[in-house]
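Welcome! Here are a few exercises to work through at your own pace, each followed by a worked solution. Have the sequence and the 3D view ready before you begin.

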Number of protein chains: 2
Amino acid sequence: MPSKPPPPITMDAVYAAPGYLFRRMQQIAVSIFMEECKAFDLTPVQYGALIAIHTHPGIDATRLSAVIAFDRSTLGSVIERLQAKDYIERKPAPEDKRIKLLYLTKSGAAILREIIPAVERAQARMLEPLKPADRKTLMGLLVQLVDLNNEVSRVPLRAEDALEHLGKGG
Amino acid sequence: MPSKPPPPITMDAVYAAPGYLFRRMQQIAVSIFMEECKAFDLTPVQYGALIAIHTHPGIDATRLSAVIAFDRSTLGSVIERLQAKDYIERKPAPEDKRIKLLYLTKSGAAILREIIPAVERAQARMLEPLKPADRKTLMGLLVQLVDLNNEVSRVPLRAEDALEHLGKGG
DNA sequence: TGTTGATTGACAGTATACTGACGATCTAGG
DNA sequence: CCTAGATCGTCAGTATACTGTCAATCAACA
C-alpha cells in the first residue's frame, strides 16, 4: 500500500502560514510606530513599560514583566535605557533587599503625555487599510487568540494577580 | 473655550493596541514553532529561508530578502548559520563577482522534507483555540492587512518580480 | 572610454527576545 | 536558629531586526 506522495514545496508554505503573517505584521507595526513617534526616541517596548510603571508606581521588574508580558531578561536592559534617559528611577525596597522599585520621573510622565497622540495615530494607521467593520473583527479575534494562547508564551500575561503581593493588601 | 481634558492613562493603552497584540501573537507563534520543531534545530526564519532557496535555487541574498521580506542585514548571519549547519552552500556567480548564489545541500533538502509536518502542526496549533470559521476570517484579514501595508515595512515583499532579473529571461 | 551612480555583500551599533545559569536574599519547615 | 527551596536581579550566549556605512563591483551614459 503506497503512501500518499508529499505535496510539492511552494512559497505558500511560507506566505500562507499564520506564523509568517504574524511576523510580517509585527514588523510593519513597529515600523509605523517608529515613524509616527520618531520625535520622541521611544520604542514600542519602552512605551509599554512607561505606561505600566505609570499605572503601577513602585512596581518591581519581575511584576512589571508579568503585567506587560515582556521577557524578564530583556526587561533589564529596557529599564536601564529608560533610566539612562531619565524617564524612570529605581529605589531599593526597604523590606526586601532583592527588589528595586520603579517610578516615573517628571520627564517620564511628561513624555508619556506628549507621545500618546502619536502612538494613537500609529495604532490607527496599522489597521487603516481595512474597512472599519473588519478592523473590529480582526481586533476581536486577535484578543481572543492571544488570551487563549496566553500560557504558551514564556511570560504569560498576569495583569491583575501580579499586583496582589505588592503591598496593597493581600 | 477650555480644551477637552485628556483621558486617563490605563493599561488599555497597551492591551487594546493592535501593535501590542501583534507583538504578543508573534512571540506566541515563535514559541509554538520552536516547541514543535525542537528536534530539528531550525528557527522560523531559517525555515523560511530554506523554503525560498528550495523554490528558487541559485537565488542571491538580496533577492532572497525580497522574496521572504526579511531584512537584508540580518539575512547575512542567517545564511552563515545555515551554511555552518551544512544546509546550504554558496557559489560565486561567474558573471557578477559581487553575487553569491545560494543552493540547498542534500542535508538541507532532507531536513526540509522532514521538518514540514512539524511546521504544519505548529501553524495549526497557533490558530487551534479559535473556531474553524474564525480561523479563516482571521487569516483572510491578516493576509489583506499585510498586503495593503506591504510598502510600509523596510523590506517590502517582492515575490514575483524579484526573480525577473535572475537569468530566466528578462 | 572614463566617470557617475546603483547594487551587492559585509560590518558596526543599537534594541528586542529567549535559554540557562548565578549570587544575594527571602521564606518556610523543622 | 538554620537549612532547603523559592524569588530577585543580573549576566553570558544565541538569534532576529533595523540604521547607517563601506569597499568592491557593475551598468549606463556622456
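**Exercise 1. Find how β2(B) and β3(B) pair, and place the sheet around them.**

Start with the pair itself: β2(B) runs antiparallel to strand β3 (residues 96-104) of chain B, and 6 bridges join the two. Keep in mind as you look that this is a predicted model.

Next, pick a point of register. B:Pro92 lies opposite B:Lys100 of β3(B).

Now widen the view. The open sheet of chain B has 3 strands, in the order β1-β3-β2, with antiparallel pairing. Its edges are β1 (59-60) and β2 (88-93) of chain B, each of which pairs on one side only.

Finally, look for a helix against the sheet. Helix α5 (residues 72-84) of chain B packs there and touches β2 and β3 of chain B. The direction of α5(B) makes about 115 degrees with that of β2(B).

**Exercise 2. Describe how α2(B) and α6(B) meet.**

Two numbers are needed first, because a pair of packed helices is described by the angle between the axes and the distance between them. For helix α2 (residues 18-36) and helix α6 (residues 106-127) of chain B, the axes come within 9 Å and cross at roughly 145 degrees.

Then add the hand: α2(B) passes α6(B) in a right-handed crossing.

Now list the residues that touch. From α2(B) come B:Ala29, B:Ile32, B:Phe33 and B:Glu36, while α6(B) brings B:Ala118, B:Arg121, B:Ala122, B:Arg125 and B:Met126.

Last, sort them by character: 6 are nonpolar, 3 are charged and none is polar.

**Exercise 3. Work out which residues and elements surround DNA strand D.**

Begin with the residues. There are 28 around DNA strand D, and A:Asp60, A:Thr62, B:Thr43, B:Asp71 and B:Lys97 come nearest.

Move on to the elements. At least two residues each come from α2 (18-36), α4 (61-68), α5 (72-84) and β3 (96-104) of chain A, and from α3 (44-55), α5 and β3 of chain B. The largest share, 5 residues, belongs to α5(B).

To finish, check the character of this surface: 6 residues are nonpolar, 11 polar and 11 charged.

**Exercise 4. Which residues are closest to DNA strand C, and which helix gives the most to the surface near it?**

Among the 27 residues surrounding DNA strand C, the closest are A:Thr43, A:Asp71, A:Lys97, B:Asp60 and B:Thr62.

The helix to name is α5(A), which gives the most, with 5 residues.

By character, the surface near DNA strand C has 6 nonpolar, 11 polar and 10 charged residues.

Definitions and conventions:
Residues numbered from 1 in each chain as written. Chains lettered and ligands numbered in written order. Predicted model: local features only at pLDDT ≥ 70, side-chain atom pairs only at ≥ 80, totals over all residues. Axes fitted to C-alpha atoms, helices over the stretch in contact; angles between N-to-C directions. Helix = DSSP H or I, 4+ residues; strand = E, 2+ residues; numbered from the N terminus. Left-handed = near helix turned anticlockwise from the far one by under 90°. Contact = placed C-beta atoms within 7 Å. Nonpolar A, V, L, I, M, F, W, Y, C, P; charged D, E, K, R; others polar. Pairing = 2+ DSSP bridges. Near = placed C-beta within 6 Å.
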